[in-house]
Amino acid sequence: MQGIKFDWLKSCPEGLYCQPADCFIDPARAVPRALITHGHADHARPGHEKVLATKETLKIMKVRYPSDLAQHQQLNFGEKIRIGEVTVWLAPAGHILGSAQVVMEYQGQRAVVSGDYKRQADPTAIPFEPITCDLFVTEATFALPVFRHPKPESQLEKLLSSLQAFPERPHLLGVYGLGKCQRILLLLRDLGFDAPIYLHGALVGLTELYRSMGFDFGNLLPVQGVAKSDLSSALVLAPPSATIDRWSRRFTDPRIGIASGWMQVRGRARQRRAEIPLIISDHADWDDLLRTCNETQAETVWITHGREDALAYELGKRGQKAIPLRLSGRQEESE
Ligand SMILES: [Zn+2]
Ligand SMILES: [Zn+2]
């Protein structure tokens, strides 16, 4: 919604704009100066002149946009800098590797833009840190009471049981390529799964980046070039769309799983032909959204990204002034 102002922070067609810093946060179009919360494509776009983000986010952007000419500036968590008349620092968001909340302080007021976040543990991300503030900008991807994310380990046990029950069939698990893929690889290893795991080509580059930053995923092999017969009992991770497209025909009678917060919705699992729907999300669920908004003690909450009205209504009942932002360029999270 245009024209909503917190005096110095406003919602524009390009995204959230901090006027006294002359800077956009996660803009949907190329701008002179952008603060980027994390590497997902709907937040980190190419074409900006200057980009400020965590070291990890900048590395992810380099892998995704190798020819981008943006001037990168790294900011560590907690390190304060001045941009124009604003003090800016980053706090962990717990969403994916390098994901940050942007904290801005100006004339005695503090605004926090959370980007995407979750409160569940994730071996690839530093845990979310609640920051008290006057204005909190929250996401609302799973902001309905029906969304309650179980422990991811309990979900992966379903996959491991299926691998045991159907040892003669390949298993394809659809995972989002940045964050979800690497989180699940680490969780599977933690659960004792030590066989090789095959990766669709689209997942290789970013997983390599994680590996170069010290994450140990055990034995990973590319699917590319492997004979059909050798994949007959393999566990394969792939982008969710690949599990039902032409690519999946190289497997004989696969069992298909999808790991996504959307798997809580039965119709979505059916639509994806997921026999093994795993509810694993990198976003906060309903309870964690409410808890987080409460912990920030923000008088005003702006809501982006998803079920804005449901969350606005509930926060309003609890005494916070909550406003849906309806930023452009934000579709439903494909996570
Ligand atoms: Zn994200
Ligand atoms: Zn997002």
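Begin by selecting Leu172 and Val236 in this predicted model: Leu172 stands opposite Val236, a residue of E15. Extend the selection to strand E12 (residues 171-174) and strand E15 (residues 235-238), which pair in the parallel sense over 4 bridges.

Next, display the sheet around this pair. It is an open sheet of 6 strands with parallel pairing, in the order E14-E13-E15-E12-E16-E17. At its edges are strand E14 (220-222) and strand E17 (276-278), each pairing on one side only. On average, neighbouring strands of this sheet are turned by 25° against each other, direction ignored.

Now add the helices that accompany this sheet. H2 lies across E12, E15, E16 and E17, and it runs at about 160° to E17. Helix H4 (residues 201-212) also packs on the sheet, where it touches strand E13 (197-199), E14 and E15. The direction of H4 makes about 115° with that of E13.

Keep helix H2 (residues 152-165) in view and select helix H3 (residues 180-190): their axes come within 10 Å and cross at roughly 75°. H2 and H3 are therefore roughly perpendicular to each other. Which residues of H2 and H3 meet? From H2 they are Pro152, Glu153, Leu156, Leu159 and Leu160, and from H3 they are Arg183, Ile184, Leu187 and Leu188. Classed by residue type, this contact has 7 nonpolar, no polar and 2 charged residues.

Proceed to the largest pocket, whose volume is about 250 Å³. Select Pro240, Trp262, Arg272, Ser334 and Glu335, which are the closest to its centre among the 15 residues that line it. Strand E16 (255-259) and helix H5 (266-271) each supply at least two residues of the lining. By class, the lining of this pocket has 6 nonpolar, 4 polar and 5 charged residues.

For the last part of the tour, select Leu135, which stands opposite Thr300 in E18. These residues lead to strand E11 (residues 135-140) and strand E18 (residues 300-306), which run parallel and are joined by 6 bridges. Helix H6 (residues 286-295) lies across E11 and E18, running at about 175° to E11. Helix H7 (residues 308-317) packs on the sheet as well, touching E11, E18 and E19, and its direction makes about 155° with that of E18.

Finally, show the open sheet of 7 strands, which has mixed pairing and the order E7-E8-E9-E10-E11-E18-E19. Strand E7 (81-83) and strand E19 (321-324) stand at the edges with a single partner strand each, so one side of each is left without a neighbour in the sheet.

Conventions. Residues numbered from 1 in each chain as written. Chains lettered and ligands numbered in written order. Predicted model: local features only at pLDDT ≥ 70, side-chain atom pairs only at ≥ 80, totals over all residues. Heavy atoms only, no water. Axes fitted to C-alpha atoms, helices over the stretch in contact; angles between N-to-C directions. Parallel < 35°, antiparallel > 145°, perpendicular 65-115°, else oblique. Contact = heavy atoms within 4.5 Å. Nonpolar A, V, L, I, M, F, W, Y, C, P; charged D, E, K, R; others polar. 1 Å grid on protein atoms, 1.4 Å probe; cavity = no way out; pocket = protein on both sides within 12 Å on 5 of 7 lines; lining within 4 Å. Points joined across faces, edges and corners; volume = space filled by probe spheres on them. Pairing = 2+ DSSP bridges.
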